[in-house]
Amino acid sequence: KSRARGVLLIGPPGTGKTMLARSIGREVELPVVEFRISALMNSLLGETERRFAEAFATLEAMAPAVVFIDEIEKAFGDSSERDGGTMMRTTGALLSWLSDNPYPNFIVATSNNLSRMGEIGLTMTRSERFDAAYFVDVPNADIRENILARSLEGLLGDPVAVARKLASETERFSGADLFSLVKQSAARAEHLGVPLSLNFLRAETARKRHRVRALYEEFEPLRQWGRIHCEPASAVD
């Protein structure tokens, strides 16, 4: 019997992939179990394989659940013989588990560095492993306004009006950038002993803009890949 297997969320850091993965668990009323690949890696011969086997058995025993694999590309690093072939074997084991495990776990995996996966990056979009791949990009103006309004609640008099003005000035800011923008502006206003205002927010926006644009351009190759191989997770500007 066919069933939903999972989704792959691809996009730059700070765009809400982890938050989206956790919200899926709340939406379907299932526990979210984090599968931390980096915690399973070990330099001792055979230890990594043993840990992976134990992790798979644990996830099968906990089914049904949402299994969250953050930064799945960490499993597909250097597969040369320098590690005795451990990475190659664990990569094969993970791919087989994603394709063949019969247990009702829904996999939500994230990635922001497909180049580390090499050829495997394309195979991850196969329906046998994931039902779909979605590209999670920086928010558009409407979503930025919503994020800012929620973040500014209780910090100034009219958060909706301020958020509307600021949304048009924060193009290419990620969700994490927007949260940081509000947090840093509020901290500066508190330090000076004055109320938070639009001027503080605009000053912090100007301070962050160069880094935001540089990071956006850094992930343009990933964005181009996503246009070809992924569905958009939301509307963009």
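This is a short walk through the structure, stop by stop, with something to select at each one.

**Before you start**

Keep in mind that you're looking at a predicted model. Colour the protein by pLDDT to begin: the mean is 85, and 85% of the residues reach 70 or more. Where is confidence lowest, and where is it highest? Select helix H5 (residues 120–123) for the low end, with a mean of 64, then helix H8 (residues 175–192) for the high end, at 97.

**Stop 1: the sheet**

Now show the strands. There are six of them in an open sheet, and reading across you get S2-S3-S4-S1-S5-S6, with parallel pairing. Which strands sit at the edges? Pick out S2 (32–34) and S6 (231–232), each of which pairs on one side only.

Start from the S2 edge. S2 pairs with S3 (residues 65–69) in the parallel sense, and three bridges link the two. Click Val 33 and then look across to S3, where Val 67 is its bridge partner.

Next, jump over to S1 and S5, a parallel pair with four bridges. Select Leu 9 here and you'll find Tyr 134 of S5 standing opposite. Keep Tyr 134 selected, since there's another partner to see: Glu 231 in S6 is its bridge partner too. S5 and S6 are also paired in the parallel sense, over two bridges.

While you have side chains switched on, here's a general point to keep in mind: along a regular strand, side chains alternate between the two faces of the sheet.

**Stop 2: Phe 106**

Stay with the sheet and select Phe 106, which belongs to strand S4 (residues 105–111). What does Phe 106 touch, leaving aside its neighbours within four places in sequence? Its contacts include Ala 4, Arg 5, Gly 6 and Val 7, along with Ile 24. Ala 65, Val 66 and Val 67 are on the list as well, and so is Asp 131. You met Val 67 a moment ago as the partner of Val 33.

Try a distance label too: from the C-alpha of Phe 106 to that of Leu 30 is 9.5 Å, although the two are 76 residues apart along the chain.

**Stop 3: two spots in the loops**

Go to the loop between helix H1 (17–28) and S2, and select Glu 29. Its phi is positive, about 60°, even though Glu 29 is not a glycine.

Then move to the loop between helix H3 (47–62) and S3, where you'll find Pro 64. Zoom in on the peptide bond between Ala 63 and Pro 64: it's cis, with omega at about 0°.

**Stop 4: H6 against H8**

Time for the helices. Two packed helices are described by the angle between their axes and the distance between the axes.

Select helix H6 (residues 141–152) together with H8; they pack at about 35°, and their axes are 10 Å apart. The crossing of H6 and H8 is right-handed. To see the contact, show Arg 144, Ile 147, Leu 148, Ser 151 and Leu 152 on the H6 side, and Gly 175, Leu 178, Phe 179, Leu 181 and Val 182 on the H8 side. By class, that's seven nonpolar residues, two polar and one charged.

**Stop 5: H7 against H9**

Switch to helix H7 (residues 159–167) and helix H9 (residues 198–218), whose axes come within 11 Å and cross at roughly 25°. H7 and H9 are therefore roughly parallel to each other. Their crossing is right-handed. Show Val 162, Lys 165 and Leu 166 from H7, which meet Leu 198, Leu 201, Arg 202 and Thr 205 from H9. The residues in this contact split into four nonpolar, one polar and two charged.

**Stop 6: H9, H10 and back to the sheet**

Follow H9 to its partner H10: these two pack at about 50°, with axes 5 Å apart. That makes H9 oblique to H10. Tyr 216, Glu 217 and Glu 218 of H9 meet Glu 220, Pro 221 and Arg 223 of H10. How many of the residues in this contact are charged? Four are, with two nonpolar and no polar residues making up the rest.

Last selection: helix H10 (residues 220–229) with strands S1 (6–10) and S5 (132–135). H10 lies across both strands and runs at about 140° to S5. That brings you back to S5, the strand that pairs with S1.

Key. Residues are numbered from 1 along each chain as its sequence is written. This is a predicted model: local features need pLDDT of at least 70, side-chain atom pairs count only at pLDDT 80 or more; totals for chains, interfaces and linings use all residues. Side-chain values use heavy atoms; hydrogens and water are left out. Two strands pair if DSSP finds at least two bridges between them. Contact means heavy atoms within 4.5 Å. Axes are lines fitted to C-alpha atoms, for helices over the stretch in contact, and angles run from 0 to 180 degrees between N-to-C directions. Angles under 35 degrees count as roughly parallel, over 145 as roughly antiparallel, 65 to 115 as roughly perpendicular and the rest as oblique. A crossing is left-handed if the near helix is turned anticlockwise from the far one by less than a right angle, and right-handed if clockwise. Ala, Val, Leu, Ile, Met, Phe, Trp, Tyr, Cys and Pro count as nonpolar, Asp, Glu, Lys and Arg as charged, and the others, Gly among them, as polar. pLDDT is the predictor's confidence in each residue, from 0 to 100.
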